[in-house]
Amino acid sequence: MELSVRRQRSPGIKLLFAVLVAAALAVPLFMVYALVWDRQDQSRTARATITQGWGGAQIVTGPVLVVPYATNVTETEVIDGKRVDKVRRVTRELFISPKAQDVKATLDPERRQKSIYESVIYRAEISGKAQFVLPTDDLSRLDIAAGSLMMDRAELHFGVSDPRGMQSASKVVANGKPLSARPGGGLESTGRSGFFAPVAWDGTDTLAVDWSYDLRGSENLSLIPRGGDTRWHVTSTWPHPSFSGSFLPSQSKVGEDGFTAEFSIPDLALGQGLVTAQDFAPPNVVTGPAPYVEVAQMDRGGPGGPSMVASVAMVEPVDLYSRIDRSVKYGFLIIGFTFLAFLMFDIVAGASVSGPEYVLTGAGLVLFFVLLLAFSEVVGFAAAYAVASIAIIGLVTAYSAAVLKSWGRARVIGALLVALYALLFVLLSLEAWSLLIGSVLLFLALAGVMYATRNVDWQGMGRGGEAPAA
């Protein structure tokens, strides 16, 4: 009987039990992590509902001159057991990118809300100028005779990934003559959606094209550059832009009143010729963490290969769910340090902490993340963090006074929690330094525990030395 009491009260057993309770709390922490993921998914669904009928994240490109041409194709057939070659005349399309183009986009953002979820939509005024020439050298390289080009059937194609956002104010002018814009006939890189305009051009002189159209979209606008030299100028009143994709702006200015960005993309960066017999595939679209969609290019371009993009996203300054997700990953830090303080009071200071008291304290610390998530969706991250941390600090401190039988010891626990939650907020704000700060803190904690327990007999009674003889 006495041996059983000795083992139950030994510091080693107490340490093992505290570690097991902390490990068991991984289950509710994982459930909170799953809850964050579920709320993030609901947020994406709500934002998709907001943009329904308006227009999603838009990818635009063009103009590209599409010219049909006739060519001979040799086909082999087996007739009466003999291979017979037949020559068939077919019509294919030639894609000619502009020698140079300047594109301007003005974004007018607006916040739309559904319940507690919010999305950013925009109206975009897109205009540009492009110059086309007929590069005979490229035609020879592709083994296409200039005389086979059907210039009377040439068309200017503009790509828009989500045609729901197209407005009626679309204008296309070629060499001073207005053209009739028609729906459909986009480019492969935007899923064949967009609009086109037939154009009369004999291919001898430069074809100068001016165009403009209005477009509705949400959160993100991307341009697929085509041609020898592409310049893209973007302006908006949104103060929190994010630039991504294959190219970053050569110049940008961001302030409280909005941003301006200038992209300059030469054909050498694209790895594409001005003339191809095959259109380019859509870019690889990567959905980033809420609340915005990031369009990125994972592969290099090339004839028929994936297109590269320059992308501008209008994002919120605080990525709510990402910060909560990171905070949950630091949950063991707060639980571990709190349990460590309880253990030190138990082993060194003589306060007795039972298993259920560890469990209830850990439950309160896990509840902090649930409160943080719930309040963040309503009042924002910073205010929710203050509310949740104050509530849990007060709850655990008051409970510690009963567990440790001393308000003085409870104040130590309260001060520790204040420091831990303040440190966690700093770690969430300074992502680049979080690993360094966390590792230094763990080192100091370990050093403190080693010093405080340097005289503890982990196999003995801890406070009473050897048990008295029977």
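**Salt bridges, strands and a long-range fold**

With a relative accessibility of 16%, Asp 325 counts as buried, since the cut-off for that class is under 20%. The model in which this residue appears is a predicted one. Asp 325 forms a salt bridge with Lys 329, and the closest N and O atoms of the pair are 3.3 Å apart. Both residues belong to helix α6 (residues 320-329), where a spacing of 4 residues separates them by about one helical turn. In an α-helix there are 3.6 residues a turn, so residues three or four places apart point the same way. The lysine partner has other surroundings: Lys 329 is exposed, with a relative accessible area of 56%.

Elsewhere, salt bridges that share partners join Glu 110, Arg 112 and Arg 123 into one network. Within this network, Glu 110 forms a salt bridge with Arg 123, and the distance between the closest N and O atoms is 3.3 Å. Glu 110 lies in strand β3 (residues 100-114), whereas Arg 123 lies in strand β4 (residues 117-132), so the pair ties together parts that are 13 residues apart in sequence. Both partners are partly exposed: Glu 110 has a relative accessible area of 30%, and Arg 123 has one of 39%. In total, the structure holds 8 salt bridges.

Strand β3 leads onward to another part of the chain. It pairs with strand β12 (residues 229-236) in the parallel sense over 7 bridges. One residue pair in this arrangement can be named: Asp 102 has Arg 231 in β12 as its bridge partner. Arg 231 also takes part in a salt bridge, with Asp 229, where the closest N and O atoms are 3.9 Å apart. Arg 231 counts as partly exposed at 36% relative accessibility, and Asp 229 likewise counts as partly exposed, at 27%.

Strand β12 has a further pairing, with strand β15 (residues 258-266). These two strands run in the antiparallel sense and are joined over 8 bridges. Val 234 stands opposite Ala 261 in β15. Strand β12 thus pairs with β3 in the parallel sense and with β15 in the antiparallel sense.

Helix α10 (residues 407-429) offers a check on geometry. At 1.5 Å a residue, its 23 residues should span 33 Å, and its end C-alpha atoms are 33 Å apart, which agrees. Ser 406 caps the N-terminal end of α10, with a side-chain oxygen 3.2 Å from the backbone nitrogen of Gly 408. The buried residues of the helix are Ala 410, Ile 413, Gly 414, Leu 417, Leu 420, Tyr 421, Leu 423, Leu 424, Leu 427 and Leu 428.

These elements belong to a chain with 11 helices and 17 strands. Of its 470 residues, 46% count as buried. The accessible surface of the chain comes to about 22,900 Å², and carbon and sulfur atoms contribute 59% of that area. Among contacts with a separation of 6 or more, 75% are between residues 24 or more positions apart.

Methods:
Residues are numbered from 1 along each chain as its sequence is written. This is a predicted model: local features need pLDDT of at least 70, side-chain atom pairs count only at pLDDT 80 or more; totals for chains, interfaces and linings use all residues. Side-chain values use heavy atoms; hydrogens and water are left out. The expected span of a helix is 1.5 Å times one less than its number of residues. Buried means under 20% relative accessible area, exposed over 50%, partly exposed in between (1.4 Å probe, protein chains only). A polar contact is a pair of N or O atoms within 3.5 Å; within protein, one must be able to donate a hydrogen and the other to accept it, and residues adjacent in sequence count only if both atoms are side-chain atoms. Contact means heavy atoms within 4.5 Å. Accessible areas come from the Shrake-Rupley method with a 1.4 Å probe; for residues, only the protein chains shown count as cover. A salt bridge is a side-chain nitrogen of Lys or Arg within 4 Å of a carboxyl oxygen of Asp or Glu. Two strands pair if DSSP finds at least two bridges between them.
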